[in-house]
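Let's take a look at the enclosed spaces inside this protein and at the residues around them. Here is the structure to follow along with.

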Amino acid sequence: MNKLSLTAVVASTALVLAVPAHSTEKEFTTKVEIDAWFADAKVGSKGDAIRKNDVDASQAFSIAFEHPFAYVPNIKVRYTPVRSERFEYDQIDYTGYYKLLDTNGLQFDVGLTLTQFANGEFNKGGSVDSTQPADQSFSETAMNMYADASLHIPDTHFHIFGQYDFGSSSGTRTMDGQAGVKYILPVDAIDLEIKVGYRVMDHEFGYFEGFDSNQANVMVDGWFGGLSFDF
């Protein structure tokens with residue numbers, strides 16, 4: 001992420017703290033999402049990392065709560081377990097966000113995410129580098145900027161969406177982004193969303209003995225499909 005893009009997101013966050021969002025609806029809502037993720041991984045130095053289809057990251061779950069109070073952040077929690085023969089962790093994202101824009105055609109949210117890496121283990125069995133300390137456990141947190149956008153395709157039930165978390169601190173850089181298409185089908189009091197897209201985790205961890213953040217680069221990416229219920 002270049003400095004210009006980072007500055008734009010920071011400025012947007014500051015703006016939303018000062019100005020109430022424009023919205024066509026003012027109500028309490030809950031949104032539950034369940035994704036199936038078909039991911040591969042690259043781990044180690046970016047120059048010589050090898051992609052392997054050894055990742056079990058087949059699910060992701062999230063729940064969000066939204067309300068009509070302009071200056072109180074909405075809340076979203078997302079859980080993604082990641083398992084590999086070389087590393088593993090449970091990624092839990094706690095996000096507070098504001099609706100910068102919310103119309104019938106365009107939705108744009110910005111906020112902050114506290115990402116927790118729980119039950120982590122790196123260089124399992126020396127599979128990343130046998131010369132460095134193996135089986136290094138970790139439990140860390142990272143603060144990220146958050147942005148989420150959705151654009152309605154006119155005269156259809158289809159929307160293009162994208163979500164992005166990124167941050168850098170104390171030798172660690174974290175990024176988690178996704179983009180795709182969703183189909184929203186109103187069913188009585190519930191909006192059912194069917195979505196498909198691509199998700200990328202690209203983390204450079206600075207937590208481990210014998211590895212700098214470039215050598216401890218973990219990239220997990222792949223297609224996903226999912227359902228969400230908005231009620």
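A cavity here is a set of grid points where a 1.4 Å probe fits but cannot get out, and its volume is the space filled by probe spheres set on those points. With that in mind, this predicted model has two cavities of 30 Å³ or more.

| Cavity | Volume | Nonpolar residues | Polar residues | Charged residues |
|---|---|---|---|---|
| Largest | about 40 Å³ | two | five | three |
| Second largest | about 30 Å³ | one | two | four |

Let's begin with the largest cavity. Its lining is made up of Gln91, Asp93, Thr115, Phe117, Asn144, Asp165, Thr174, Met175, Asp176 and His203. Strand S6 (87-102), strand S7 (106-122) and strand S10 (172-187) are the elements that each give two or more residues to this lining. Which of them provides the largest share of the lining? That is S10, with three residues.

Now for the second largest cavity, with its volume of about 30 Å³. Around this space you will find Lys76, Arg78, Asp93, Thr95, Tyr146, Gln163 and Asp165. At least two lining residues come from each of strand S5 (74-83), S6 and strand S9 (158-169).

Two residues are worth picking out in your viewer. Asp93 lines the largest cavity and also lines the second largest cavity. Asp165, too, belongs to the lining of the largest cavity and to that of the second largest cavity. Strand S6 likewise supplies residues to both, with two or more in the largest cavity and at least two in the second largest.

Key. Residues are numbered from 1 along each chain as its sequence is written. This is a predicted model: local features need pLDDT of at least 70, side-chain atom pairs count only at pLDDT 80 or more; totals for chains, interfaces and linings use all residues. Side-chain values use heavy atoms; hydrogens and water are left out. On a 1 Å grid over the protein atoms alone, a cavity is a set of points where a 1.4 Å probe fits but cannot get out, and a pocket is an open set with protein on both sides within 12 Å along at least five of seven lines; lining residues have an atom within 4 Å of a point. Helices (H or I, at least four residues) and strands (E, at least two) are DSSP runs, numbered from the N terminus. Ala, Val, Leu, Ile, Met, Phe, Trp, Tyr, Cys and Pro count as nonpolar, Asp, Glu, Lys and Arg as charged, and the others, Gly among them, as polar.
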